[in-house]
Structures are given as C-alpha cells and as structure tokens.
Amino acid sequence: MTHVNIFLSTVSAEFRSYRNALRHYLERPNVTVKVQEDFIATGSETLDKLDEYIRQCDAVIHLVGDMTGALAQPPSLAMIRTRYTDLGQNLPPLIDFLQPDAQALSYTQWEAWLALYHRKTLIIAVPTRDAERDAGYTLVKEQRSLQQQHLARLAAFERYPEIEFANTGRLAAEVLRSKIHDILDQAGAVVRPCHLPNASIRDQFMGRDDWLEKLSQTLGPVPDKAGSPAVALVLSGLGGIGKTRLALEYAWRHADSYSALLFVEADTATALQSNLAALTQFSILNLLEQTETDEGKKRDAALSWLNRHPGWLVILDNVDSEVSASAVEDLIARLSGGHIVVTSRLSNYSNTVTVLPVKVLSETAASAFLLRRTDGKRRPQPDDHQHAEALARELDCLPLALEQAGAYIAKGRLTLEKYLQEWSGKRDELLKWNHPRLMNYPTSVFVTWETSFDQLGESAQQLLQRLAWLSPAPIPEALLDVPIPHVAGEGNPFTDLAELEAYSLITRATDSPNFTIHKLVQEVTRLQLNDPEQRHLNEMLQWLNAAFNGDPQDVNTWLVLEPLAPHALTIVHYADEQGIPDPTIGLMTRLGSMYHKNALYAEAEPMMRRALTIDEASFGPEHPNVATGLNNLALLLKDTNRLTEAEPLMRRALAIDEASFGAKNPEVATDLNNLAQLLQDTNRMAEAEPLMRRALAIDEASFGAKHPNVAIRLNNLAGLLKNTNRLAEAEPLMRRALAINEASFGPEHPRVATGLNNLALLLKYTNRMTEAEPLMRRALAIDEASFGAEHPNVATNLNNLAGLLKKTNRLAEAEPMMRRALTIFEASFGSEHPNVAINLSNLAQLLKDTKRLAEAEPMMRRALAIDETSFGAKHPNVAIRLNNLALLLKATNRLAEAEPMMRRALTIDEASFGAEHPGVATDLINLAQLLKDIKRLDEAEPLLRRALAIFEASFGTEHPYTKTVFQNYVLLGQNLGWSEHQIIKAAGYSDHPLTPFQQAVYERETVKSMQAKVGRNDPCPCRSGKKFKKCCGLTANLH
C-alpha cells in the first residue's frame, strides 16, 4: 500500500482548530499529515525544513485567511535563492521577492510557492465571510491586504481557491471532493465516509462523560458483519437539552471504531427520505446513483450500501413529530450492520429501540462550561466563579441556554455579572437572541420550543399555560385530581400530561407520582401568552388554592401540602405582582402558617407581613381578617424572641375581635390565649392567669369539654400553674389535655407529643422519674417522625430527655442529646435565642458535673448574656443562669464572685414567684451553703431553715428535696453547737414529733459529732453504762 504525505499550510492563530480537525480526519496508517509547527527550527532554518518535506509530499492544502503569520527571515530567503537559482524563472510572480532588500513573504505563503515549484498538488481554500476564527485571531488590515495580494499572485499563476469553508465539517467534506480524494484513492488509503455537520467542541463538551459511556454500553460492539442486526438508540429530551451535540461528540470520539459516520436530518418524513438519498453524493458515499434523478432509487442505493458495508454509525437528527418517528422506525427495520442514534423530543417509541432520556447538565458542569466558553472573551472579574454558578442556576443548566449565554457574552465582551443583570431586566430579549454561526445552533431557546408547542392539542396547551405559573420544583400528579374551579368542558388532564411528556415538555419521575417542567419552558410559555386579563394565571391560582386544602398547622395534612408549598409560594408572587387579592391572601396566610409550624421562620415572615398589608388595604384596619393577620405575625415574632414587637399586635388583634364578635367568641379565646402566653414568657404571671382561665371558659362553652381547643387552653394553664408551684392543680389539667388530644388526633400526633412532654416534666419535677422517662421518649419519637430530625420541637424533646438522664446519673447518654439539641436550636433560631441559652446552660451543667469546668464556664456566661438581652435583668431565667454560674464559681473557689450572683438570683425569684416558691428555696440553699463554706454559719442558718419550710410546704416531709435539706440543717445546727432541742425547735418541729427519717438523720448526725470526741471503747455519753461502740456507736453504723 503506497504511503501518502500531505502538508496542511495555514496560520495557526487563525485556523488551528480547522487544521487539527482536518489532520485528525485525513491521517491513516498509510497517510501522514504534517503542519508547520512540526518543523520549528532546531539548528536549521524553518524554511529549509519545510522545503525538504514539501519536496517529498504528495499534496499541500493551503488555507488563506486574513493573517500572514510569521515572515521568513533573510537567511531563509538566501538559502532558498541559493538552492533554487531558477525560482524566479519558474515562478515569475516571485521575482520581486527574491531581491536582497525585497519585501518578505511569510512562511505560510512560501509553503504554497514551494508546492508549485516542486509541482505538487496544491489545494487552495478560503473562508466564507461568516466563518468563525480561532481565539488567537486578530484582524490587521495590512495583513489582510498582504493575503489578498498573495491570492492575486497565485491567480496570476493560474492557481485559484477551489474550496470555500464556513466550518470544520464543511472544510473536510470539500477537501474530500477535491484532488485529495484521487490521491488517497490511488494510494489505496481507505477514505472513511464522514458526513457530520460540526466538528467536536473538545474540552468545551463538559459534564457528559457518563452519558458517552452510557451510549457506548447501550449500543454495544460495532457490528462487523453484513446482515447482523442494527442497534438503534433514541436520545430523547427537551429541545436544547443537548441531544444532537451528545450524538456528535460520541461519533467523533468513537470515529476510529466505525467505517462511516453519517448524519441525516429527519425532522419530517420527507426530509428523511431526501437526506438519505443525498448520502449518494460524491462528497459522502460517492455512489454511481448520485446522478439519478429518481430520489427513491438514490435512497435505496444509500440503504443498500449501508447493508453491504457493516460498521457504520448513522445519526438521525430532530425526529420530533409522530410522522417522522414512524418513518424512522420503518427505516430501522430495513437496516443491518451498524448503529443508529436518533435524537428526538418524543419519548414514546416501540420496543425495537432503547430510549435514553437526556437530562440537563449538573450545576458544576454548567458553571464550568460558562467559564470555559467565555474564557478570553469575557471581561474577567474576581468573583466569576460565583456568577457562573448563579447564571447556571438561572438557566437551569440547559445546554442551549448556556451556549446562547456564552455566545452573547463573548460577542459583547461582557462580564458574567453584566449578563446576569441583563437577564433580570430583559430575559425575553435574551431568550430570543440567536447567532447561528457563533452558537453552532440554528435557533434561539425561544424559537426552539415553538415547534413543540405548535404540535400540542389545545387542551394540552391550556394545561402547559397554567403550569407555567408554578415553580420548577416537582409537581405532584395528585394536583390533576383536583377540579379547576369555574372551568368546565376540558379534556382529561392526565391525557394532556401524557401529551406534554411525549414532546419532552415535562419529565415524569420514575419513583414517585410527580413531574417537573424546566424553568425556561415555563418562562417561554409565559412570554408566548397573549393574555392581558391573566386568565391562565387566575385559573392556576384558583386551582392551587383548591388543592392547598387542610389545616396548615396540622402535621397530618403536610403530606398533601408540603409538595404544593413551592408552587403556592411561586404563584402568590405572580398573583401579588398582578394585583389579584383573592384568593392570594388566603393562600399566603396558609402557606405562612405552615412555614411557621415547620420552623421556617425566614420563609414565613414575609408571607405573613404581605398578607397583613393586603388585608389592611382591602378591608380596613379594624376588620377580623386583619386581626387574624396580626395574631399570626405576633406569634411568629414571639417564637423568634421579638416580644416587644409581638405584644402590641396581640393586644390590637384582641380589641378588633372583641369589637367584631363580642367578648365570648372563640376568636377572642384564641387572642386571649396568645397574649397570656406572651405575658407568661415575660414573667407577668398575675396578668396571664386570668386571661388563660377566661379563654378556657369561652372554649368549653363554645365547643364542649373535649374539643382540641380546650386541650390547648388546659395545657397552657397547667404550664402556668406548674411555673407558680401549684403542681397539684396543674397535673390533672395536663392529663385531661393529653386525653383529649389522643382521642382527637390519635396517639402519634405532635399535639400528643406536646402533652406528653408537659406531663413528663411535671412528673420529673415531682421526682417520678420512672413515669416521666417513657413519656419523654414517646414524645421524641412522635416529633422526629412528624417534623424530621432537625426541627426545634425535636431539640426541645432531646433537651428534656437529656435533663432526666442527667438527673438519673446517665451522663454519657445525656451529653450527645444536649449537643444535638444545641446544634438544632442554633440552626433554627440563631445563636442569640433563649432556647439556645437553655441548651447552653444544660450542657454546661453536665460539663460541670463531669469536672470539665473550663468548658462549662464560657457556656454559662454566654447563656446568661443571651437571657439578659432577651428578657431583661430581672427575669427568672436570668436568676437560673446566675445561680448556675455562681455554683461553678464556688466550685472553682471564686467565692467573692459567686456570692453577689446568688443574692441577685434570690432577689429576682422572690420578686417573680413570691417568697414561698420552691425556686426561692433552691436559691436560699445555694446561698446558705456558700456562707457555711466561708464559716458564716449564723448567716446561713436562717436561709437554710427557710428553705426547709418552703420544701415541706410544697412537697411534704418525705420528698427527697425535703429530706436532703433537713439533713443539711441538722449538720449546720450541730456545727453551730446547738443541742437537739435547739435544732428541733429552730426547724419548727417542737410542736409535733419527727418522722422516722428525721429521727434517724438526727441520731446519725449526732453520733457522727460524738465520734470526733469519744473513743470506741470509752463510756457512751448517753450514760447508758455501755461502751460507745456497743451503744450509740452501733446505732450510727446501723443508720
């Protein structure tokens, strides 16, 4: 087999990509293709090397553009003039350039003249006016003029351009139609038919490696025998999703595996037949039938060639109609021996082909593409990566939209940020912008989808025009089960949905009953609407409002409401922009309420504020709807610790509802309850309690004793009673509320979890740990199942359970729960919320108990600062934080710092709860213990005595708290040197006998004090006549 040498002559800066693509296509085992860079001087003149190769080669393909390239140096010219003394005689147009001081020709120009001198085949090719140049291209008028003069000199020698090219594909096709074909044919070099419209975009083809691999695996080995079954595959997807580019890149990357690469436009059945016939052309298959006038014979000849020459790849492009799809399936049945890749917007095909739905790019690949596509053509900025990511999200990673944006940015040399700004202001214009040459795509995003829209039936069009107003998030198919209010006589929505899917305008999930619409399809659909009355928007608003049905505060309805929430959020935005008040306000209110319940406060607040503003404008400031909006917003402000903002809103709502409905209406009860809760949170118990009792009475009278609203009132009142140390009153109310909620909602509802938690805390407070723990665990399980693992309710449950575990000395179990709760609270509320303070305090206490004081102290100080900022300096929560920190300071022997904190905490609690509250007793004990430790026993005794009296009154003499304080008091009395009579009298027991426990404690502590003074074998001080070890000493051991 004869070897062929070809030289590609061109200026790299202008046509490197054309040259490389042509080189890749022409090279074979017996065909070598060289370029100028292969002969960069390494000790010899470049022109000498070029001349040596051109003298040996068979043909020179000379691309002439606007750039001359580097000029040949004088030594090169001297060498050529010396070597070929007859150069001017044989090539007269060169005579003037052979003189010593003559104008220099470029190396590239010399390549053409040397080819002519050595009588080599010279193919001259020039670009069309709109041919794209490479990145290094610079237009210099003087160089363009020199190139035109060069072509004129060649013409004077009767050598004219015989090829015009607009792209790499056209250049390759035209080269193969030239004398190069004859040279290759005579040498026996196999010329692989290659008819692809565009060259590979190489490293700009991003994010599709897995798809290329999927294509390769699905198609399998290339058939190598005639008659073996053809393998067909359909790349299905939305217009602009990148199906054609994916097929072409697969073809280029696997080119060496195929005997022919053929591309056939098949947008209509007629086009399919015509383009199959065109394969017979000289530049493609070069069949004898190319001169036939009967198109059917030409088509049959092309199909016959495919069936006789196995190993081919045929791409059938744009099979986007049912008619063309049927024609393609008929064609597939007639072919054998190759691979067929079909690109189509249709998704439904017979079982004879495999359908691969093509998806958008990943966000990472899309942003990387934008950066690479515009590299060197945009104005760079330091934050380009962030802007590329933002633009990729805006375009929803659609390849055509990304290419369109990249071409637009490159053409205008914009920044990515500037394009984003233009997208925000005039996206309709940008969606319609198109530059076929720069984009390698014939139409804009806008026009691309018009063909799909036009093929839809009227009912399917109506459905798409409504769905265009929703979010790009997954849409539940259950929406289609809901009738559209006030709309009748339309087709089956599921049939219409199937039609949209058939044209790839929607994508149905395979693992759940929902579907999605690309956001740009929605954008273009809205832009196409000629709907001044916003009929489709109104219909979709009414439809979604009807579907968003159920109590948004009830977690049991969230299965229906949560999938609709992003669509409700989107459509209320559009409806509000268009000034449509009804049902926009109601949908906003319900959506905000659900967000609030789900602890999505940042999402809920703007909804609530906007709904309130619209209500006030629509109904006036004293309307009951305004009261509802005020209450909703106030509750959110309360939950996010903005109590001073919340209170006036609650009081205003109460005044509106009392004026509208009267004093005994359930709406008034709700207002009273909300306000009472806020008053309780700000330590105004005396104001809060009558409001709670009044709310309870209203709801019992309105709904009956077993209504869920009554349970809410009972729970709230019980909480207040517990906080004011009326535990015996609180417990039955909690149990009653729990029973109502279990009967109303079932045992797994979040309201039941709230009741379980409340009751468990009271049981823990009254030392019934074994009763409390299972209730807490059950509440945690319910809330995790209802809200998810990161909800604030779950954090509250974790904190409560961890507190109980700590109380029962299971610290290793408690700590991770506390840390998890802290993480949830900080993520939900921010780092300065009172719930965060509670958690910090609890965790710090555990760290203190496990001797990690250095970790504990900063947490305690942070918790104190949060509560002082949130509630003011005299709130009971501040007293708790002060006491905790003081005890830590005491443990680290900083008693002078600790004492004023303890005294301040005592003052706060006495003012908040009254002098007889158990919390005050705890403060007294802490302070008394500190005073005892610094030997101020006379000051400690009245404090401890008072604490003992409070605990006995609150819990009785048998409660562990009471027993512990009594024991400490006996010890303190003995340290003071008091007699039994003095201790009992001071403790208030002179008028009634001691309990067995109190008697035992007294005896034990008395004996302990004797042991320091009496030996074991000494006479017992009780004058029994026995030795101490046989008398009171024995009693001490028994105790």
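In strand β10, the residue that forms the bridge partner of Ile315 is Val341, and the bridge partner of Val314 in β10 is Ile340. The model in which these pairs occur is predicted, so that local features are reported only at pLDDT of at least 70 and side-chain atom pairs only at pLDDT 80 or more, whereas totals for chains, interfaces and linings use all residues. Residues are numbered from 1 along each chain as its sequence is written, and side-chain values use heavy atoms, with hydrogens and water left out.

Strand β9 (residues 312–317) runs parallel to strand β10 (residues 338–344), to which five bridges join β9. Strand β8 (residues 260–265) also pairs with β9 in the parallel sense, over six bridges, and here Leu261 stands opposite Leu313 of β9. Pairing of two strands requires that DSSP find at least two bridges between them, while the elements themselves are DSSP runs numbered from the N terminus, helices being H or I runs of at least four residues and strands E runs of at least two. These strands belong to an open sheet of six strands with parallel pairing, in the order β6-β8-β9-β10-β7-β11. Because β6 (194–195) and β11 (354–357) stand at the edges with a single partner strand each, one side of each is left without a neighbour in the sheet.

Six of the six residues of β9 are buried, so this strand is largely enclosed by the rest of the structure; the term buried denotes under 20% relative accessible area, exposed over 50%, and partly exposed the range in between, computed with a 1.4 Å probe on protein chains only. The cover extends to both faces of β9, with Trp312, Val314 and Leu316 buried on one side and Leu313, Ile315 and Asp317 buried on the other.

Helix α15 (residues 384–394) has as its buried residues Asp384, His387, Ala388, Leu391 and Ala392. Seen down the axis of α15, these residues fall within an arc of 140 degrees, so they line one face of the helix, the arc being that of the directions from the helix axis to the C-beta atoms. The buried residues of α15 pack against α14 (363–373), α16 (399–412) and α17 (416–432). Following α15 is Asp396, whose phi is positive, near 55 degrees.

With respect to the interior, the largest nonpolar core has 296 residues, and those with the most contacts inside it are Ile6, Leu26, Ile61, Leu316 and Ile571. A second, separate core of 33 residues includes Cys57, Leu91, Leu94 and Leu98. A nonpolar core is here a set of buried Ala, Val, Leu, Ile, Met, Phe, Trp, Tyr and Cys residues joined through side-chain atoms within 4.5 Å. When its neighbours within four places in sequence are left aside, Ile6 is in contact (heavy atoms within 4.5 Å) with residues including Leu26, Val33, Tyr53, Ile61 and Leu184. Thr108, placed in helix α5 (residues 107–117), is buried with a relative accessible area of 4%. Under the exclusion of neighbours within four places in sequence, Thr108 is in contact with Ser9, Thr10, Val11, Gln36, His62 and Thr68.

Several loops carry backbone features of note. A cis peptide bond, with omega about 5 degrees, joins Asp582 and Pro583, and Pro583 lies in the loop between α24 (558–577) and α25 (584–597). His486, although it is not a glycine, has a positive phi of about 65 degrees; His486 lies in the loop between β12 (475–476) and α21 (493–502) and is exposed, with a relative accessible area of 78%. Lys935 likewise has a positive phi, of about 65 degrees, and is not a glycine; this residue lies in the loop between α41 (918–933) and α42 (937–955), where Lys935 is exposed with a relative accessible area of 71%.

Over the whole protein, the secondary structure comes to 46 helices and 14 strands. The radius of gyration, 44 Å, is well over the 31 Å that the globule rule gives for 1039 residues, so the protein is more spread out than a compact globule; the radius is taken over C-alpha atoms, and the rule is 2.2 Å times the number of residues to the power 0.38. The C-alpha atoms fill a box of roughly 150 × 80 × 55 Å along the principal axes, and buried residues make up 52% of the 1039 residues.
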